[in-house]
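Please open the model in a viewer and keep the selection panel at hand. The tour proceeds from one selection to the next.

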Amino acid sequence: MASHARPKQRSSTGSAAARTAATIAIAGAASATMFTEASSAEPRLTPAQAQARVDRLYEEAETATEAYNGAQERADTARAAIEHLQDEQARKTGRVNATRDRLGTIAAAQYRSGGIDPTVQLALDSTPAEYLERAQFIDQLGNRASAALRTLAAQRRELTQVRHEADAELATLRGAQDELRTHKRTVEDKLKAAQQILDRLTAAERAAVGASTSPLTSRAARGVSGGGRTALSGSGSSTADGDVPAPSARAAQAVSFAYGALGLPYVWGATGPSSYDCSGLTQAAWRSAGVSLPRTTYTQINAGTRVSRSQLQPGDLVFFYSGISHVGLYIGNGQMIHAPHPGAPVRIAPIDEMPFAGAARPA
């Protein structure tokens with residue numbers, strides 16, 4: 001009689017031990033992970049360190065903002081060119097169709113007149129005079145057809161050229177749109193990183209870091225309202241308190257406009273009227289004086305006459321950083337009005353607060 005071995009029972013003690021070991025291993029791994037994360041965590045920043053890092057991130061964000069503005073300008077230009085070329089293409093297509101219709105009319109007339117050889121036609125006609133009259137008519141039809149064919153060929157070439165130009169502008173637009181998306185992500189990432197640094201600070205530390213972002217300073221604190229505009233008129237008008245004359249009526253108007261923008265929020269990519277970035281503000285200020293400036297800091301510095309720091313006059317554009325990534329409007333006494341960065345509305349500030357890179361006088 002065969003004997004059957006009973007299967008061994010799994011020890012409950014062994015199972016518990018295994019579970020305990022697994023728990024310890026998992027806990028140990030978690031502890032190691034937390035220790036690694038804690039050891040690699042960024043040390044707490046002092047307000048001064050936070051200020052330095054935030055300032056650098058804002059500068060990098062503004063560089064990306066100006067690149068975004070340039071891409072936006074290229075996209076707008078390409079979009080306008082495409083619209084113009086589409087209108088031109090429609091007009092030229094209409095001309096091609098009209099020429100084709102004219103050729104169809106000529107062909108029908110030739111068909112009705114008969115395509116018989118002139119010598120045969122002469123023999124068949126009742127009189128030579130009748131033949132000559134008809135032959136002249138056929139020659140005229142032939143000349144008109146030849147001219148129409150030449151016109152059609154030229155019109156087709158022009159239409160093809162317009163289509164090629166439209167395709168090129170469309171490629172430019174798509175490239176600019178790709179740039180816009182890239183620069184937009186860069187700006188948002190830099191601003192997010194700056195905000196994360198500020199969020200790690202206490203309220204008092206954030207206040208210390210933000211002390212330099214007050215929207216109004218200097219003469220603004222002596223009564224120039226962020227919402228009011230100082231009226232200036234003509235060459236030699238003062239810019240605010242009667243101490244610094246503007247060199248021209250246009251410069252006076254640009255400065256007056258900038259005073260009227262004090263306190264408005266900084267929004268990257270904005271050109272007004274309720275918010276601005278740095279080059280958007282200077283562009284709008286000079287536009288109010290009848291002067292058209294390009295959109296970006298990189299192009300505004302080449303608008304007008306370059307001037308040295310010692311030659312600065314109210315209304316001049318003042319530029320900062322080696323990459324020419326920031327611009328303000330000079331108002332005299334070493335001061336400017338500018339749109340600094342998010343969280344810092346349009347304000348008056350000394351031009352010494354950033355590395356000076358150059359200046360230009362639009363008019």
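A residue is called buried when its relative accessible area is under 20%. The model is predicted, and every selection below should be read in that light.

**First selection: helix α7.** Select residues 278–287, which make up helix α7. Nine of the 10 residues in this helix are buried: Cys 278, Ser 279, Gly 280, Leu 281, Thr 282, Gln 283, Ala 284, Ala 285 and Trp 286.

**Second selection: the nonpolar cores.** Keep Trp 286 displayed and add Leu 329 and Ile 337; these three have the most contacts inside the largest nonpolar core, a set of 54 residues. Colour next the elements that each supply at least two residues of this core: α2 (47–113), α4, α6 (249–260), α7, β2 (317–320) and β3 (326–332). Helix α2 gives the most, with 11 residues. Another core, of 11 residues, lies apart from the largest one; Tyr 321, Tyr 330, Ala 349 and Met 354 are among its members. As a general background to such groupings, nonpolar side chains tend to be buried together in soluble globular proteins.

**Third selection: the aromatic pairs.** The structure holds three aromatic pairs, and two of them are visited here. Select Tyr 68 and Trp 268, which form an edge-to-face pair with 4.8 Å centre to centre and 80 degrees between the planes. This pair links distant parts of the chain, since Tyr 68 belongs to helix α2 and Trp 268 to the loop between α6 and α7, 200 residues apart. Tyr 68 counts as buried because its relative accessibility is 16%.

Now select Phe 257 and Tyr 276. Their ring centres are 6.4 Å apart and their planes stand at 80 degrees, so this pair is edge-to-face. Phe 257 lies in helix α6 and Tyr 276 in the loop between α6 and α7, so the pair ties together parts 19 residues apart in sequence. Both Phe 257 and Tyr 276 are buried.

**Fourth selection: His 183.** Move to helix α4 (residues 128–199), where His 183 is found. Is His 183 buried or exposed? Its relative accessibility is 19%, so His 183 counts as buried. Which residues is His 183 in contact with, leaving aside its neighbours within four places in sequence? They are Ala 64, Ala 67, Tyr 68 and Ala 71. Tyr 68 has already appeared in this tour, as the partner of Trp 268.

**Last selection: Arg 309 and Phe 356.** Display both side chains. The charged end of Arg 309 sits over the ring of Phe 356, at 5.1 Å from the ring centre.

Technical notes: Residues numbered from 1 in each chain as written. Predicted model: local features only at pLDDT ≥ 70, side-chain atom pairs only at ≥ 80, totals over all residues. Heavy atoms only, no water. Buried < 20%, exposed > 50% of the residue type's maximum accessible area, 1.4 Å probe, protein only. Helix = DSSP H or I, 4+ residues; strand = E, 2+ residues; numbered from the N terminus. Contact = heavy atoms within 4.5 Å. Core = buried A, V, L, I, M, F, W, Y, C linked by side-chain atoms within 4.5 Å. Phe/Tyr/Trp six-rings, centres within 6.5 Å; stacked < 30°, edge-to-face > 60°. Lys NZ or Arg CZ within 6 Å of the ring centre and 35° of its normal.
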